[in-house]
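Q: I'd like a close look at the pockets in this one, and please be generous with the detail. Start with the runner-up, then work your way up in size.

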Amino acid sequence: NGYSSLQENNASDDELGGRLPLVPSKELWTKFDSSFKSGFVIGYVFSAVSLLTIFLSYCVPWARLNKRKRNKVMMKTPMTTSLMERQEKKRKEADIQMLIARISFAELQKATNSFDRGKVIGVGKTGTVYKAAHPHLRFTAVKRLFDFQHLEKQFLSELMILGKFRHKNIVPLLGFCVESRERILVYQYMPNGNLYDWLHPVKGEPKIMEWHFRVNIAVGMARGLAWLHNHNTLQLAHLNLSSSCILLDKNFEPRISNFGRAMHIMTSNARIFMANIEMSEWDLTKRDVHQLGVLLLELITGEDPLNNSGFYHSLEGKLVQNNCLLSTVSAALYCAVDKSLLGQGFDREVLYFLKVACNCIQPIPNRRPTMVEVYKMLMAIKNTHPDILG
Ligand SMILES: Nc1ncnc2c1ncn2[C@@H]1O[C@H](COP(=O)(O)OP(=O)(O)OP(=O)(O)O)[C@@H](O)[C@H]1O
């Protein structure tokens with residue numbers, strides 16, 4: 001057998017004791033050769049599979065990661081950003097077109113007599129407003145923005161808010177125009193202009209606003225704002241209230257305008273930065289309450305906050321001294337009330353109105369009432385004389 005020569009030349013089987021033959025016979029070689037070959041093939045296949053697995057598990061995700069990184073870098077380039085922004089704007093415009101009319105520039109040019117100076121009804125900080133007679137929309141106020149690039153955000157904000165929602169105390173937006181550099185908003189025309197002009201008439205043009213008009217305007221403003229703050233999907237703070245953005249319709253119902261700076265109130269604890277000041281959703285609504293308080297004071301005193309900011313500061317100073325208890329409005333404050341309102345049978349209501357206004361402008365935002373509370377307090381004043389106040 002295969003081990004014979006080995007046994008002859010070297011030692012016995014026992015001696016070998018299962019050791020491997022040092023010199024295998026020819027048969028053994030053939031056996032060894034075939035098992036070695038199959039082992040080699042198995043080993044080879046096994047290593048190849050392992051290598052492939054390692055490659056797939058490390059290299060493919062790495063390649064994907066790199067691709068993602070490359071994509072991120074691509075997304076950050078100004079070209080792609082502006083492209084995405086443009087697409088987003090187009091999508092918003094298309095959405096809004098389903099709700100309000102898109103009007104051509106040519107049509108608006110015709111309606112305003114080529115933006116004739118004689119048709120100007122107001123010049124704001126962002127654009128010129130023209131009165132226009134539109135064949136389908138009747139009388140409209142056409143606001144042509146000055147600078148389409150810098151005001152694009154405000155333009156879209158106004159479109160997205162006023163285009164989607166309607167409220168009896170918010171100015172109705174009827175249409176818009178986006179054509180090359182033109183950005184135009186078309187509103188329903190408010191025949192009684194803005195509140196500022198009524199409260200501060202130019203010399204020689206006395207415009208006396210009776211008490212019930214003022215209360216009705218106050219209630220309407222608070223109702224519109226309370227609706228904005230608490231609407232299910234809107235939840236918006238206006239943040240830019242002044243008597244010039246309160247428009248009056250044919251029944252002297254106030255309509256809030258100018259939503260270019262409005263901000264969504266966060267429902268989470270997210271913090272908002274405005275002019276580098278950190279603010280919470282609470283601060284935003286309380287800001288509107290403060291601005292409404294100033295408006296209420298303007299309504300009741302007839303003082304112009306634009307020309308007399310010291311007046312309001314002194315008022316706030318007095319409020320701090322008096323701790324703003326509802327029972328104590330100082331004689332100085334009471335003296336500030338527009339004299340045409342006193343002695344008409346509403347003095348108690350005037351005093352209460354003044355207290356509401358003072359509460360709204362408390363220096364510490366947490367102490368100010370919510371807009372709904374302001375609305376309810378003003379409604380209570382209005383309801384004391386429902387026969388007159390309607
Ligand atoms: N729908 C409207 N109906 C009648 N008059 C309007 C209407 N919209 C604006 N006006 C008049 O045009 C004036 C300027 O309006 P605009 O909204 O541009 O003023 P603004 O308060 O300075 O706003 P902004 O800061 O956005 O420019 C208003 O004060 C008002 O007299």
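A: Starting with the second largest pocket, its lining breaks down into eleven charged, nine nonpolar and five polar residues. (Charged is Asp, Glu, Lys and Arg; nonpolar is Ala, Val, Leu, Ile, Met, Phe, Trp, Tyr, Cys and Pro; the others, Gly among them, are polar.) Before going on, bear in mind that this is a predicted model, where local features need pLDDT of at least 70 and side-chain atom pairs pLDDT 80 or more, while totals for chains, interfaces and linings use all residues. Numbering runs from 1 along each chain as its sequence is written, and side-chain values use heavy atoms, with hydrogens and water left out.

Back to the second largest pocket: 25 residues line it, and its volume comes to about 680 Å³. (A pocket is an open set of points on a 1 Å grid over the protein atoms alone where a 1.4 Å probe fits, with protein on both sides within 12 Å along at least five of seven lines; lining residues have an atom within 4 Å of a point. Volume is the space filled by probe spheres set on the points.) If you want to find the middle of the second largest pocket, go to Lys89, Glu152, Lys153, Gln154 and Leu156, the lining residues nearest its centre. As for who builds the wall, α4 (78-97) and α6 each put in at least two residues. The top contributor there is α4, with nine residues of the lining. (Helices are DSSP runs of H or I, at least four residues, and strands are E runs of at least two, numbered from the N terminus.)

Now follow α6 (152-164) across to the largest pocket, where that helix also supplies at least two lining residues. Here the volume is about 950 Å³, and 40 residues make up the lining. Around the centre of the largest pocket, the nearest lining residues are Gly122, Val129, Asn194, Ser244 and Leu247. Strands take part in this wall too: β2 (120-123), β4 (138-145) and β6 (182-188) each give at least two residues, and so does the helix α7 (195-199). The chemistry of the largest pocket's lining goes 19 nonpolar, 14 polar and seven charged.

Put the two linings side by side and you have seven charged residues in the largest pocket and eleven in the second largest. For nonpolar residues, the counts are 19 in the largest pocket and nine in the second largest.
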